[in-house]
2 protein chains.
Amino acid sequence: MNKGLLIVLSGPSGVGKGTVCTELRQRHKDLVYSVSATTRVPRAGEVDGVNYFFKSKDQFLDMIARDALLEHAEYVGNYYGTPRDFVERTLASGKDIILEIEVQGALKVKEKFPQGVFIFLVPPSLDELKDRITGRGTENSDVIDHRMSVAVEEMNLIRYYDYAVVNDQIDSACYRIQSIITAEHCRKDRFIADLETMKEATEKA
Amino acid sequence: MNKGLLIVLSGPSGVGKGTVCTELRQRHKDLVYSVSATTRVPRAGEVDGVNYFFKSKDQFLDMIARDALLEHAEYVGNYYGTPRDFVERTLASGKDIILEIEVQGALKVKEKFPQGVFIFLVPPSLDELKDRITGRGTENSDVIDHRMSVAVEEMNLIRYYDYAVVNDQIDSACYRIQSIITAEHCRKDRFIADLETMKEATEKA
């Protein structure tokens, strides 16, 4: 009856998108994970169509040319992108699909798929984000300062999103995201088509 | 920090607004119930400021003149209305407030308070609504037909609302409404003001 929702989960580097997304999928078994296409060589144990859709560079460039990707980017010499077809087939089957992606990629998806639900994960405070960025490795303070200024720039992109979810505790962040998904399914626009069907059924009866 | 939300729960006659509202307040102890003003005489046990704000007709007309009501209506010779002040003081204190109201009243509230969250409770089917309307008493079929046509008219007002919640089971209806409240608290517009505060705090530190 109703189509599924595309949930786009983004936020600044270091905010914990991956952890939250993994936990959400654990709790919400019918939430489909958007599988990226890549030209990267598969690592041991990675399965085509599960971890990634593995493509040759020519295949990938052809996907770009056919507008078959909702977004794509090059990273360390490899291409990564979000296949439109996989997203659309999942939605048509009535299932929700979640795409975990960095902030710039999310905005590209929004251009092609404005009907998605765009969720921005935010740190409890900028100090907390700095702690998380610092805690990642042994980078010197210039690197950390640069990452922080990038993260603050990324935070400003929140205005293009629909929702802001504070990642203070994974449990409450997941609860809020699940609430957003439930609420979005209740939007009246989604219901109005159903109402017409309901009236027709009553008139026939 | 953030203001509370005005949640307006409405829907056609017979859909079960009162039952859902009572259950929600049971589950959600910090959800304040919007107390109406009325010129009706208090019944035994009714407490001023809890069940209603009891007003003389002059006091009520004065409230209308001062634009102190978000909506009002006359019913069987008595006035009923929603005091704006009670709603605004509750929201300013950071608490959410729920207003259970029939569909026309809700639209008047929307004119004066468009930032409210407008939820339309819908029956699982129009047949189900007919059963509920029929089940209320021993009215003849003309009365029932009239009520049904009113209910169908009321259903069409759903387009002015934000959300449609199917009242198939009280448990799932309450779950959906609680999700909507949680999601609305995550709207990015509510967060952006907090972000400015967050940046200032970091700059000072």
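Student: What makes the crossing of H1(B) and H7(B) right-handed?
Tutor: Handedness is read from the turn of the near helix against the far one: clockwise is right-handed, and anticlockwise by less than a right angle is left-handed. This crossing falls in the right-handed class. The model is predicted: local features need pLDDT of at least 70, side-chain atom pairs count only at pLDDT 80 or more, and totals for chains, interfaces and linings use all residues. Residues are numbered from 1 along each chain as its sequence is written, chains are lettered from A and ligands numbered from 1 in the order written, and side-chain values use heavy atoms, without hydrogens and water.

Student: How do you know at what angle H1(B) and H7(B) cross?
Tutor: Axes are lines fitted to C-alpha atoms, for helices over the stretch in contact, and angles between N-to-C directions run from 0 to 180 degrees. For H1 (residues 17-27) and H7 (residues 170-185) of chain B, the crossing is roughly 65°, with the axes coming within 10 Å. Contact (heavy atoms within 4.5 Å) involves residues including B:Leu24 of H1(B) and B:Tyr175 of H7(B). By class, seven of the contact residues are nonpolar, two polar and three charged. Nonpolar covers Ala, Val, Leu, Ile, Met, Phe, Trp, Tyr, Cys and Pro; charged covers Asp, Glu, Lys and Arg; the others, Gly among them, are polar.

Student: Why is a set of 114 residues called a nonpolar core?
Tutor: The name fits because such a core joins buried Ala, Val, Leu, Ile, Met, Phe, Trp, Tyr and Cys residues through side-chain atoms within 4.5 Å. Buried means under 20% relative accessible area, exposed over 50%, partly exposed in between (1.4 Å probe, protein chains only). The largest core has 114 residues, and A:Leu6 and B:Leu6 have the most contacts inside it. Beyond four places in sequence, B:Leu6 touches residues including B:Leu70, B:Ile97 and B:Phe113.

Student: What makes E8(A) and E9(A) a pair?
Tutor: Pairing needs at least two bridges found by DSSP. E8 (residues 117-122) and E9 of chain A have four, in the parallel sense, so they qualify. A:Ile119 stands opposite A:Tyr163 in E9(A). Strands (at least two residues) and helices (H or I, at least four) are DSSP runs, numbered from the N terminus.

Student: Why are E2 and E9 of chain A called edge strands?
Tutor: Look at the order of the open sheet: E2-E7-E1-E8-E9 in chain A, with parallel pairing. E2 and E9 (163-166) each pair on one side only. Helix H3 (residues 84-92) of chain A packs on this sheet, touching E1, E2 and E7, at about 150° to E7(A).
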